[in-house]
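Welcome to this guided tour! Please open the structure in your viewer and keep the selection tool at hand, as each stop tells you what to pick next.

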Amino acid sequence: MASRNLLNLETVSKAFDIKPLLTKVSLGINEGERIGIVGRNGGGKSTLLKVMAGIEPVDSGRVAKAGNVRVGILSQVDHAKPGALIRDVVLGEKATHEWASDGAIREIFTGLFGGFTDDLLDRPFASLSGGERRRVNLAKLLIDDLDLLLLDEPTNHLDVEGVAWLASHLIARTKLAVVVITHDRWFLDEVSEQIWEVVDGEVLTYEGGYSAFILSKAERQRQQSVEDGKRNMLIRKELAWLRRGAPARTAKPKFRIEAANTLIANEPPPRNESELLNFAANRLGNTVIEMHQASIRAGEKPILDDVYWNIGPGDRIGIVGINGSGKTTLMRALLGHIKPTSGKIVTGITVKPAFLSQHLEELDPEWRVLEAVERVAHHVQLGNGKELSASQLCEKLGFNTDSQWTPVGDLSGGERRRLQLTRLLMDSPNVLLLDEPTNDFDVETLTALEDLLDSYGGTMLVISHDRYFLERTCDTFVGLLGDGKMRDLPKGVDQYLELRKEALAGQKSVSAVSSKSGAARSRELKKDLARLEKQLEKAQIEEADLRSSQEENGNDHEKLIDIMKNLAKVHARILEIEEEWLRASAQLEEISD
């Protein structure tokens, strides 16, 4: 039986100013279809989604929706009525007995928030961080009875565990059609059965998930004799990566396994590991960073207890863990920003570290992008004799010749983050610590970054919720589960998710025994949450005032620098409060369960 047609685009064109984003695009979506959208930032992906949702009018052509089709969209702008609570946004007029008895709704709350306590549901929407707001709006869409779900970067602000849950949830809802824009390629591969690539106003269609898209694109380029050296080289890197498990990755995406193996068979590995290891050993010597029976705390919270860990030259280590488990704190301890409470951390004398944190560095807003990079260095040595100029490195990370002359003050948050990474790499560090490096990067820029890191001859530690990026760039993995221990993960992220399931099952059995003693702790945690929410509200008001002041003093260079410094401090404080709130909230939910 044929699937019901939900929505069609018929020769749709859309432009902003003189830039055409969509040119005579004709596409259709049927019931239960899963479609991933890829393409460069600014290339028209979000516009395509908004056109389908009816938010953006078309310049020509038409969008035809079947009768009674219910469409929901998760955009990158989150809002709610003044004074609304989380329960108002997500549940609307549903009575408590109505939703609490619905296992599907309870499962959505547990998957996205870890539970559904009154303390969570009664939080004001206006007090939430950007990431929390997106999770609230995502929960609302998943609970609503929709036919077509349009998602713009749904995995932003979800950890590895949350991304895995969302993928399995969408796959289980077989009648729901889903169209998703995301830079998370693991999620694309897991959820999508088609890929739409938005490029130069066209939308090219491919059968299968992200892996099949790479394979099909390579085959299409070869058949058409496309001679684009740089782009083809990145495709080859992806093919080499896929070689690790082509049959498993391509069976679901409907790509012929024989064709996949033929494409992949002759590709060399994406990086020469022995050559890079030799280079790293020459740069770093035998000692990089060692933890000797070290214990680490974040304020009063214990993070790690009595840990021995040897990080060697050329190691590429992915760090995964639950929110609040101390991943960033661990990195700061390795850098010497935090002292261990016992034991010691030994750093090699030749170590030259660089830390990409989630806080944006302060730069003169009048500097041009290229100038900001050249103030660090004019050339960078990556390893194996590979050298790049400042302009070449900028281009690899998404700043073309024209955008290299953009003033820093005019950059978006994502562009500033790319600039921060570019400046770090320009300083030729031999130990690279990356905390969520993939935020705000499109798929093509991520691929270029992975290509760049393939040539990096040093030690690298990565925290990321982007599972594809982790598995692509790292060789070994460690996990933090919030119990003071560090676990080696020979099976990678899959093993981490297995351990999390076991830990959650154990917590539920323990909480059943200790419910009486948990009552007092529950009261303490509720007080902590109320205190933290007041602190967060105060900090957010301060941040809003500073942003208003930033606009008012746009022409005063000295004031702008002071404002940006204060903004960075306030933003850092907000992140610390949010992390503490998440820890307290998680503990309260464990007691409540």
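**First stop: the cavities.** This structure holds two cavities of 30 Å³ or more. A cavity here is a set of points, on a 1 Å grid over the protein atoms alone, where a 1.4 Å probe fits but cannot get out. Grid points are joined across faces, edges and corners, and a volume is the space filled by probe spheres set on the points. By that reckoning, about 50 Å³ of space lies in the largest cavity.

Before you select anything, a word on what is on your screen. The model is predicted: local features need pLDDT of at least 70, side-chain atom pairs count only at pLDDT 80 or more, and totals for chains, interfaces and linings use all residues. Residues are numbered from 1 along each chain as its sequence is written, and side-chain values use heavy atoms, with hydrogens and water left out.

Now select Leu360, Glu361, Leu363, Val408, Arg416, Leu419, Gln420 and Met564: these residues line the largest cavity, each having an atom within 4 Å of a point. Which element gives the largest share of this lining? Helix α17 does, with three residues.

**Second stop: helix α17.** Select residues 413-426 to light up α17, a helix of 14 residues. Helices (H or I, at least four residues) and strands (E, at least two) are DSSP runs, numbered from the N terminus. From first C-alpha to last, α17 reaches 20 Å, close to the 20 Å expected at 1.5 Å a residue; the expected span is 1.5 Å times one less than the number of residues.

Is α17 mostly covered or uncovered? It is mostly covered, as eleven of its 14 residues are buried. Buried means under 20% relative accessible area, exposed over 50%, and partly exposed in between (1.4 Å probe, protein chains only). Among the buried residues of α17 are Gly414, Arg417, Leu421 and Met426. Just after the helix, click on serine 428, which takes a positive phi of about 50 degrees.

**Third stop: leucine 419.** Go back into α17 and pick Leu419, one of its buried residues. Along with Phe109, Leu112, Leu142, Leu149, Leu170 and Phe187, Leu419 touches the most other members of the largest nonpolar core, which has 106 residues. A nonpolar core is a set of buried Ala, Val, Leu, Ile, Met, Phe, Trp, Tyr and Cys residues joined through side-chain atoms within 4.5 Å. A second, separate core of 29 residues includes Leu284, Met331, Ile338 and Val478.

Which residues should you show around leucine 419? Leaving aside neighbours within four places in sequence, leucine 419 is in contact with Leu363, Val369, Ala372, Val373, Phe399, Val408 and Leu411. Contact means heavy atoms within 4.5 Å.

**Fourth stop: glutamine 404.** Select glutamine 404 in the loop between α16 (390-396) and α17. Glutamine 404 counts as buried because its relative accessibility is 2%. Not counting residues up to four places away in sequence, it touches Arg368, Val369, Leu370, Ser391, Cys394, Glu395 and Phe399. One of those partners, cysteine 394, is itself buried, at 0% relative accessibility.

**Fifth stop: cysteine 474.** Cysteine 474 sits in the loop between α19 (467-473) and β19 (476-480). With a relative accessible area of 2%, cysteine 474 is buried. How many disulfides does the structure hold? It holds zero, where a disulfide would be a pair of cysteine sulfur atoms within 2.5 Å. Try the distance tool from cysteine 474 to glycine 492: they are 18 residues apart in sequence and 9.7 Å apart in space, C-alpha to C-alpha.

**Sixth stop: two exposed residues.** Most residues other than glycine have a negative phi. Lysine 24, in strand β2 (residues 19-30), has a positive phi of about 50 degrees. It counts as exposed because its relative accessibility is 66%. Next, pick aspartate 200 in the loop between β8 (194-199) and β9 (202-207). Its phi is near 55 degrees, and aspartate 200 is exposed, with a relative accessible area of 72%.

**Last stop: the whole chain.** Zoom out to view 22 helices and 20 strands. Of the 593 residues of the chain, 52% count as buried.

Technical notes
1 Å grid on protein atoms, 1.4 Å probe; cavity = no way out; pocket = protein on both sides within 12 Å on 5 of 7 lines; lining within 4 Å.
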